[in-house]
Amino acid sequence: MAVINATSFLLLKDTTVIGHSKSTSFNVNVDLPDATNKESGGFKEVIAGVKSGTISCECLTNYTETLDFSELASMVITKEKAVFYFKDNINDKFLLRGEGFVSAVDETAEFNNATTFNLEINLTGVFTITDPSQGLTWDNVFAKWEDIADNWEDV
């Protein structure tokens, strides 16, 4: 398996790259509420609940960029929702698209170091993960996949 270089991943707000990112991460989560009952035989059971996603980014501050710390901080204050993309710029086999809110942004200026800022985006609603090279799309609306699974079990 080929090694994927982390610097090939880009985080974009609409069509604008959030420049000078040192690291980015994307997380998909599902709440697992307790579903234990008398028939569980003393074992804990859970069910899949609400799905969510977050994007985090650590960036170097450059106030000459069109999208920088000050604009992202403004998005927190104004509660602006935007479309974000997280993609592999080299390989085109991974593209995340989702609407979200900037939930946190902080800037750090340490003595004799580059000034950096951290960014946290909470995705809202349906987000999609696509392999554009194959035309395959996965999204967090599982109705179609659940139907396929149910039909498979009925065979």
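**Aromatic pairs in a predicted chain**

Hi everyone, let's start with one residue: Phe117 has a relative accessibility of 2%, so Phe117 counts as buried, the cut-off being under 20%. Please keep in mind that this is a predicted model.

Now for the overall layout. The chain has two helices and eight strands, and along the sequence they run β-β-β-β-α-β-β-β-β-α. Of the 155 residues, 28% are buried. If you take contacts between residues at least 6 apart in sequence, 59% of them join residues at least 24 apart.

Let's go to the rings. How many aromatic pairs are there by the rule used here? The count is three. In one of them, the ring centres of Phe26 and Phe127 lie 6.2 Å apart with the planes at 85°, so this pair is edge-to-face. Phe26 sits in strand E3 and Phe127 in strand E7, 101 residues apart, so to speak of distant parts of the chain being linked is fair here. Phe26 is buried at 18% relative accessibility, and Phe127 is buried too, at 1%.

Back to Phe117, which forms a tilted pair with Phe69: 6.1 Å from centre to centre and 55° between the planes. This pair also links distant parts of the chain, with Phe69 in helix H1 and Phe117 in strand E7, 48 residues apart. Phe69 is buried, with a relative accessible area of 17%.

Which residues form one aromatic cluster? They are Phe26, Phe86 and Phe127.

Last stop: Thr116, in strand E7. Thr116 is buried at 11%, and among the residues it touches are Lys22, Cys59 and Asp106. Thanks for listening!

Technical notes:
Residues numbered from 1 in each chain as written. Predicted model: local features only at pLDDT ≥ 70, side-chain atom pairs only at ≥ 80, totals over all residues. Heavy atoms only, no water. Helix = DSSP H or I, 4+ residues; strand = E, 2+ residues; numbered from the N terminus. Buried < 20%, exposed > 50% of the residue type's maximum accessible area, 1.4 Å probe, protein only. Contact = heavy atoms within 4.5 Å. Phe/Tyr/Trp six-rings, centres within 6.5 Å; stacked < 30°, edge-to-face > 60°. Lists of a residue's contacts leave out its neighbours within four places in sequence.
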